[in-house]
Amino acid sequence: MRLIGRNLSPYVRRIAIWCALQGRALERSEWAPVDPAIKGDLSRMNPVLRVPALELDDGSCLIETFAICDWLDETGSLRLVPAAGVERRDTLQRIAVATSTTEKVVALVYETNRRPPEFHFPQWRDRLVEQIQGGLAAMEAKAPETFYGGDSPDGSDIATVCAYQMAEVTNPFLLEPGYPKLAALAGRAMALAPFADTKPQM
Ligand SMILES: N[C@@H](CCC(=O)N[C@@H](CS)C(=O)NCC(=O)O)C(=O)O
């Protein structure tokens, strides 16, 4: 299996951690999706030119984080989202809050770090910051003492830590309100190789 994309992408990182926690061997192609040199290859894997893409051993290619994680859980030896019931619903809802927050962090990166200054749109930036801080506050309010998954992380721990650390690495001011329970969760996660080995770098 080959994972396309860099750990700077919180979506790619989620897949890398998911695979590591399941004990799967993974090849990596750390492509930046906007790199013109890989455009042809990436477009064959994802027509929308986004990462992550997961190339399977039979040559088929999966896209969209939720769909990739669903396949990993269906075919893996360890489920990171419960198969049914209220536990599944609650785990998916935690992933939904983390993913919504992540989308806004990524949008803020494009707005402030990528868009030329003359095209900056301050009202949009302010809305993104408000949305991100809403998401971080909601995650902080429900952050677990150990992991949501108990002694070891589940899919919602992965999504939560990836969202928090994406904000930390790209726009640290986002954490200024203080999210001590999320910081502690990230600290516990970073003691584990699947998280430490995929630390995002700018
Ligand atoms: N909904 C997608 C989002 C993936 C995504 O936005 N990836 C970003 C990198 S963090 C990307 O490829 N951006 C390039 C672009 O949109 O042009 C998923 O969950 O996999």
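**A ligand site and a helix pair**

Hi everyone, let me start right at the ligand: one of its nitrogen atoms is 2.8 Å from a polar backbone atom of V51. Please keep in mind that this is a predicted model.

Two side chains also come in here. E64 places a polar side-chain atom 2.7 Å from a nitrogen atom of the ligand, and for R50 the corresponding distance, again from a polar side-chain atom to a ligand nitrogen, is 3.4 Å. As for burial, the ligand taken alone exposes 510 Å², and the protein buries 80% of that.

Who else is around it? The surrounding residues are S9, Y11, P33, R50, V51, P52, E64, T65 and Y110.

Now, a look at the backbone. V51, which gave us that backbone contact, is joined to P52 by a cis peptide bond, with omega near 10 degrees. P52 sits in the loop between helix 2, residues 39-45, and strand 3, residues 53-55. L49 is in the loop between helix 2 and strand 3 as well, and L49 has a positive phi of about 60 degrees although it is not a glycine.

On to the helices. How do helix 1 and helix 3 pack? Helix 1 covers residues 10-21 and helix 3 covers residues 65-75; their angle is about 5 degrees and their axes are 10 Å apart. Angles under 35 degrees count as roughly parallel, so helix 1 is roughly parallel to helix 3.

On the helix 1 side, the contact is made by Y11, R14, I15, W18 and C19, and helix 3 brings T65, I68, C69, L72 and D73. By type, those contact residues divide into seven nonpolar, one polar and two charged.

One link to finish on: Y11 and T65 belong to this helix contact, and Y11 and T65 are also among the residues surrounding the ligand. Thanks, everyone!

Notes
Residues numbered from 1 in each chain as written. Predicted model: local features only at pLDDT ≥ 70, side-chain atom pairs only at ≥ 80, totals over all residues. Heavy atoms only, no water. Axes fitted to C-alpha atoms, helices over the stretch in contact; angles between N-to-C directions. Helix = DSSP H or I, 4+ residues; strand = E, 2+ residues; numbered from the N terminus. Parallel < 35°, antiparallel > 145°, perpendicular 65-115°, else oblique. Contact = heavy atoms within 4.5 Å. Nonpolar A, V, L, I, M, F, W, Y, C, P; charged D, E, K, R; others polar. Near = heavy atom within 4 Å. Polar contact = N/O pair within 3.5 Å; in protein donor to acceptor, adjacent residues only side chain to side chain. Areas by Shrake-Rupley, 256 points an atom, 1.4 Å probe, with all protein chains shown as cover.
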